[in-house]
Amino acid sequence: MAMLVAAQARAEDDFNLRPLVAMRGVHVTVSVTNGFASLGITKEALRTLVELTLRRSGIRVLSEKEMYSTAGMPEARVSVSLLAASDGMVVYTTRLYICQNVIGSNGLQVVGAETWTDAGSIGIAHRLTLLSVIRSSVEEMAENLSNDYLKANQPKPVVEDEVTDEDLRRAEDATSTKRPAPKPKPIGREMKL
């Protein structure tokens, strides 16, 4: 038995997608409440899940060292909070957000500002189904980030310049091979002396 309440506070318009524009990649960190590793809910497993989802969408996953040398130091932070209840039930919350260094309206740098958020979900699940519920929620948040990133970074359409007759003539001249004029044929027969 699992109860899921989704609370989506994600980017739904272009204004909220702006922090993702030209983002060169993202470093992924995960925090998980201790005590549930025996169920398979570990930082490493969830980080791998998020990284694979982002890579499938073409988003570059940065190492910690690469993050520090990338403009804005973009970091995707995944938070999973778990609280054991009675009869094997566990209350959980999931959340994913992007932190970046930004310039505030006062012109000063703000370190670690939250620039994009997926509120994830809150619910209750039995210990036997908790792993699949958490994995599903985390994967959905990573897909939402991927979709918003792709919306914010759509390739610009290529507009071809109008081709003029003069352009065509120049191209034709450049590609034509000029043959030397043939030698004139002698008139009559040649005689040897």
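A salt bridge is a side-chain nitrogen of Lys or Arg within 4 Å of a carboxyl oxygen of Asp or Glu. The structure is a predicted model, in which local features need pLDDT of at least 70, side-chain atom pairs count only at pLDDT 80 or more, and totals for chains, interfaces and linings use all residues. Residues are numbered from 1 along each chain as its sequence is written, and side-chain values use heavy atoms, with hydrogens and water left out.

**Exercise 1. State the secondary structure of the protein chain and its order along the sequence.**

Solution. Helices (H or I, at least four residues) and strands (E, at least two) are DSSP runs, numbered from the N terminus. The protein chain comes to 5 helices and 5 strands. Their order along the sequence is β-α-β-α-α-β-β-β-α-α. Next, consider contacts (heavy atoms within 4.5 Å). Among those between residues at least 6 apart in sequence, 70% join residues at least 24 apart.

**Exercise 2. Describe the largest nonpolar core and the elements that give residues to it.**

Solution. Buried means under 20% relative accessible area, exposed over 50%, and partly exposed in between (1.4 Å probe, protein chains only). A nonpolar core is a set of buried Ala, Val, Leu, Ile, Met, Phe, Trp, Tyr and Cys residues joined through side-chain atoms within 4.5 Å. Of the 193 residues of the protein chain, 32% count as buried. The largest nonpolar core has 34 residues, and those with the most contacts inside it are Leu20, Leu82, Leu130, Ile134 and Val138. Two or more residues come from each of β2 (27-32), α2 (43-56), β3 (75-84), β4 (89-103), β5 (109-126) and α4 (127-152). Helix α4 supplies the largest share, 9 residues. Leaving aside residues up to four places away in sequence, Leu130 touches Phe36, Leu39, Ile41, Leu82, Val90, Tyr92 and Ala125.

**Exercise 3. Give the number of salt bridges in the whole structure and analyse the pairs of Glu51, Glu139 and Glu114.**

Solution. The whole structure has 7 salt bridges.

- Step 1. Glu51 pairs with Arg47, their closest N and O atoms being 4.0 Å apart. The two residues are separated by about one helical turn because they lie 4 residues apart in helix α2. Glu51 is buried at 16% relative accessibility, whereas Arg47 is partly exposed at 30%. Arg47, Glu51 and Arg55 are linked in a network of salt bridges.
- Step 2. Arg56 and Glu139 meet at 3.6 Å, N to O. Arg56 lies in helix α2 and Glu139 in helix α4, so this pair ties together parts that are 83 residues apart in sequence. Arg56 is exposed, at 59%, and Glu139 is partly exposed, at 28%.
- Step 3. Arg95 and Glu114 have their closest N and O atoms 2.5 Å apart. The pair joins strand β4, which holds Arg95, to strand β5, which holds Glu114, and so ties together parts that are 19 residues apart in sequence. Both partners are partly exposed, Arg95 at 29% and Glu114 at 40%.

**Exercise 4. Locate Ala22 and Met73, and state the phi of Ala22 and of Met73.**

Solution. Most residues other than glycine have a negative phi. Ala22, although not a glycine, has a positive phi of about 60°. Ala22 sits in the loop between α1 (14-17) and β2 and is exposed, at 58% relative accessibility. Met73 also has a positive phi, near 45°. Its place is in the loop between α3 (64-68) and β3, and Met73 is partly exposed, with a relative accessible area of 26%.
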